[in-house]
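Let's take a friendly walk through this structure together. Have the sequence and the 3D view at hand as you read.

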Amino acid sequence: MLAGGGSTRFGGVDKAMLVLDGVSLLDRVLSATAGATETVVVGAVRTAYREVKWTLEEPPAGGPVAGLAAGLAYGTAPVVVVVSCDLPWITAKDVDGLVTSLGDHDGYGLRDTSGQEQQLAAAYRRTALADAIAQVGDPRDKSVRRTLAVLDLAWTAPTRAGDDVDTWADLDD
């Protein structure tokens, strides 16, 4: 899980610790991924409802591709589910669906309700994701879309599970 952003649109408030319906965004996504063999959160250590491994991207604040690289350093599972901490409507059923629908693709991800593809809400083949990141060299400040453009990706129909929280207004929806 990626949880290392600067939350600039929230005035620097830690987005992972925002609370929706009594549960932090971090814990909402951790609940959705509770079935994982191993969970790695890329970001500063915070209080979470379950045990996870914590790591930071190098350099710190190096962006989401650097975060993906840092998270991939852990585990060996052939399929990796990548989620950002700002997906409060994702459920365990959604995560399971990403994995089971992967098929022969390099990745299978969620679309938000507007139809936007969410690269940070997807299941990926570990080797394909690692190869795509390796191709960009230094992952610092690289574009996620450009980095993953080399992959064969498939997407769900638009779904609330893919809606992320980028502004205060998103929490009110």
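## Strand β6 and its neighbours

Tyr108 in β6 has Ala123 of β7 as its bridge partner. This is a predicted model, and the pairing of β6 is a pleasant place to begin exploring it. Strand β7 covers residues 117-125 and runs antiparallel to β6, with five bridges joining the two. Together β6 and β7 make a hairpin, with five residues between the strands. Look for Gly115 in that turn, where phi is positive at about 95 degrees.

On to the other pairing: β6 also pairs with β8 (residues 153-158), this time in the parallel sense and over four bridges. Here Arg111 stands opposite Pro158 of β8. How enclosed is strand β6 by the rest of the structure? Of its five residues (107-111), four are buried, so β6 is largely enclosed. As a general reminder for reading any such strand, side chains in a regular strand alternate between the two faces of the sheet.

## Salt bridges across the chain

How many salt bridges does the count come to? The total is seven, and a few of them deserve a closer look. Asp14 and Arg46 join through their side chains, with an N to O distance of 2.7 Å. This pair links distant parts of the chain, 32 residues apart: Asp14 lies in the segment before β1 (19-20), while Arg46 sits in the loop between β3 (40-42) and β4 (53-55). Is each partner buried or exposed? Asp14 is partly exposed at a relative accessible area of 29%, whereas Arg46 is buried at 16%.

Next comes Lys15, which forms a salt bridge with Asp86, their closest N and O atoms lying 3.0 Å apart. Again distant parts of the chain are linked, with 71 residues separating Lys15, in the segment before β1, from Asp86, in the loop between β5 (79-83) and α3 (92-100). Lys15 has a relative accessible area of 12%, so this residue counts as buried. Asp86 is buried too, with a value of 7%. Which residues share a network of salt bridges? Lys15, Asp86 and Asp166 are linked in one.

## A bridge between Asp163 and Arg160

Another salt bridge connects Asp163 with Arg160, where the closest N and O atoms are 3.4 Å apart. The accessibility of each partner can be read separately. Asp163 counts as buried because its relative accessibility is 9%. Arg160, with a relative accessible area of 31%, is partly exposed.

## Positive phi in two loops

Backbone angles give us one more topic. Most residues other than glycine have a negative phi, so positive values in such residues are worth a look. Asp21 is a case of this kind, with phi near 55 degrees. Asp21 is found in the loop between β1 and β2 (23-24). Its relative accessible area is 69%, so Asp21 is exposed.

Ala61 offers a further case: this residue is not a glycine, yet its phi is positive at about 65 degrees. You will find Ala61 in the loop between β4 and α2 (64-72). Is Ala61 buried or exposed? With a relative accessible area of 65%, Ala61 is exposed.

Definitions and conventions
Residues are numbered from 1 along each chain as its sequence is written. This is a predicted model: local features need pLDDT of at least 70, side-chain atom pairs count only at pLDDT 80 or more; totals for chains, interfaces and linings use all residues. Side-chain values use heavy atoms; hydrogens and water are left out. A salt bridge is a side-chain nitrogen of Lys or Arg within 4 Å of a carboxyl oxygen of Asp or Glu. Buried means under 20% relative accessible area, exposed over 50%, partly exposed in between (1.4 Å probe, protein chains only). Two strands pair if DSSP finds at least two bridges between them.
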